[in-house]
Amino acid sequence: MPADTVVFDGPVAGDPLDLLEPLRQALSRPGPAVVVSTSGSTGRPKKTVLTTEALTASGQATERATSGPGQWLLCLPSHYVAGVQVLARSVLAGTTPVVMEPGPFTPEGFARAAAGMSYETRYVSVVPTQLQRILDPADAAPHPDAVAALARFDAILVGGSALSPALAQLAADAGLTLVSTYGMSETCGGCVYNGRPLDVVEIRTVPDDAAPDLSHFTSLATREPKEGRIWLGGGVVAGGYLDDPRQTGEHFRVIDGQRWYRTDDLGRIDEDGPLSVLGRTDDVINTGGIKVSAGVVTAALTSHPEIRQALVVPVPDPEWARSSPH
């Protein structure tokens, strides 16, 4: 690893803007630029190595998919990939981001931070919970200044968890430019926007029992609906996991000269349609001999206008065998 690689081992003390110069230095040369820990949703966190090439490809593709270079608002932890990307995209764009004040996320704090932005083209990355607190707070009316601030952004990137249809509708009703993103640390964050891959990204949905020699990648993608494990390929794919060759070998491949990442998610690609993420490979519940995706059940529940959030977990059941979704 180059000595100037920016390594995020946990929450960053001090002003996140102090990271801009180290990131600028790391992104000025090829090879590993950033090491960021995954969220650990599949077990222990892994240290993902993001190269200058991958971060640059991601940042430039985001600019092409939105409104070009602009100023970013940072309201996510700077040591996770979404926060790192706000800083890296700012370096690539030659702009200085505005950072929200420390502490819990509040609509009032968001409005104050957004008021400090000076560029015409503006972007922000949020998670659905932050959007919910602004548009549909549980115990108050929506904060008018925060809603107005959201409307001023050229793109509001929403990721980290599924965006409910009800919340998406609230955003549409408020005239917001929402971009639902899908991705992970290993793909430099979001690389699929509103179900469509960025222009440097390819998607495959592959059955886990497919040919072990990966010959299924050598043919062109068919136009028929396909369901299976999601594979993401292209310039945004990370270099691998730091000091973890086993995990790197299990999840990363180079096929026909292109890097691919084997996710732990299930998805479906319909003919000429967007990617639908169905859930995780490890959230399949066996109930009465039928395999049910907890993610699919969750999506069905949250599609109801009176359900704000849902969590589906397996519990033992004497009639339905080992587990039943609840």
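Two strands count as paired if DSSP finds at least two bridges between them. Keep that in mind for this predicted model, which has 9 helices and 20 strands.

**Exercise 1. Work out how β7 and β8 pair, and which residues are bridge partners.**

Step 1. Find the strands: β7 covers residues 155-158 and β8 covers residues 178-184.

Step 2. Look at the bridges. Leu157 has Val179 in β8 as its partner, and for Val158 the partner in β8 is Ser180.

Step 3. Get the direction. β7 and β8 run in the parallel sense, with 3 bridges between them. At least two are needed for a pair, so this one qualifies.

Step 4. Zoom out to the sheet. β7 and β8 sit in an open sheet of 7 strands, ordered β5-β4-β6-β7-β8-β9-β10, and the pairing is mixed. Its edges are β5 (98-99) and β10 (196-197), each of which pairs on one side only.

Step 5. See what packs on that sheet. Helix α5 (residues 128-135) touches β6 (122-126), β7 and β8, and its direction is about 110° from that of β6.

Step 6. Check how covered β8 is. Of its 7 residues, 5 are buried, so the strand is mostly covered.

**Exercise 2. Describe the surroundings of Lys47.**

Step 1. Place the residue: Lys47 belongs to strand β3 (residues 47-51).

Step 2. Is Lys47 buried or exposed, or in between? Its relative accessible area is 33%. Buried needs under 20% and exposed needs over 50%, so Lys47 is partly exposed.

Step 3. List the neighbors. Leaving out residues up to four places away in sequence, Lys47 touches Asp9, Val35, Val36, Ser37, Gly240, Tyr241 and Leu242.

Step 4. Pick out the polar partner. The side chains of Lys47 and Asp9 make a polar contact of 3.1 Å.

Step 5. Try a C-alpha distance too. Lys47 and Val7 are 40 residues apart along the chain, and their C-alpha atoms are 9.1 Å apart.

Step 6. Fit β3 into its sheet. That open sheet has 4 strands in the order β1-β2-β3-β13, with mixed pairing. β1 (6-8) and β13 (240-241) are the edge strands. β3 and β13 pair in the antiparallel sense over 2 bridges, and Val49 stands opposite Gly240 in β13.

**Exercise 3. Follow helix α2 from its sheet to its helix neighbor.**

Step 1. Start with the sheet side: α2 lies across β2 (32-37) and β3, at about 70° to β3.

Step 2. Now the helix side. α2 (residues 52-65) packs with α3 (residues 81-93) at an angle of about 80°, the axes being 10 Å apart. Angles of 65 to 115 degrees count as roughly perpendicular, so that is the label for this pair.

Step 3. Name the residues that meet. From α2 come Leu55, Thr56, Ser58, Gly59, Thr62 and Glu63; from α3 come Gln85, Arg89, Leu92 and Ala93.

Step 4. Sort them by type: 3 are nonpolar, 5 polar and 2 charged.

**Exercise 4. Compare the settings of Cys188 and Asp243, two residues with positive phi.**

Step 1. Recall the background. Most residues other than glycine have a negative phi.

Step 2. Check the angles. Cys188 has a positive phi of about 55°, and phi of Asp243 is near 55°.

Step 3. Locate them. Cys188 is in the loop between β8 and β9 (189-193), while Asp243 is in the loop between β13 and α8 (245-251).

Step 4. Which is buried and which is exposed? Cys188 has 0% relative accessibility, so it counts as buried. Asp243 is at 73%, so it counts as exposed.

**Exercise 5. Find out what covers helix α4, then check a buried arginine.**

Step 1. List the buried residues of α4 (residues 107-115): Pro107, Gly109, Phe110, Ala111, Ala113 and Ala114.

Step 2. Identify the cover. It includes β4 (71-74), β5, β6, α5 and α6 (144-151).

Step 3. Turn to Arg204, which lies in strand β11 (residues 201-206). Its relative accessibility is 15%, under the 20% cut-off, so it counts as buried.

Step 4. Look for a polar partner: the side chain of Arg204 makes a polar contact with that of Glu202 at 3.4 Å.

Step 5. Set this against the whole protein, where 47% of the 326 residues count as buried.

Conventions: Residues are numbered from 1 along each chain as its sequence is written. Side-chain values use heavy atoms; hydrogens and water are left out. Buried means under 20% relative accessible area, exposed over 50%, partly exposed in between (1.4 Å probe, protein chains only). Contact means heavy atoms within 4.5 Å. A polar contact is a pair of N or O atoms within 3.5 Å; within protein, one must be able to donate a hydrogen and the other to accept it, and residues adjacent in sequence count only if both atoms are side-chain atoms. Axes are lines fitted to C-alpha atoms, for helices over the stretch in contact, and angles run from 0 to 180 degrees between N-to-C directions. Angles under 35 degrees count as roughly parallel, over 145 as roughly antiparallel, 65 to 115 as roughly perpendicular and the rest as oblique. Ala, Val, Leu, Ile, Met, Phe, Trp, Tyr, Cys and Pro count as nonpolar, Asp, Glu, Lys and Arg as charged, and the others, Gly among them, as polar.
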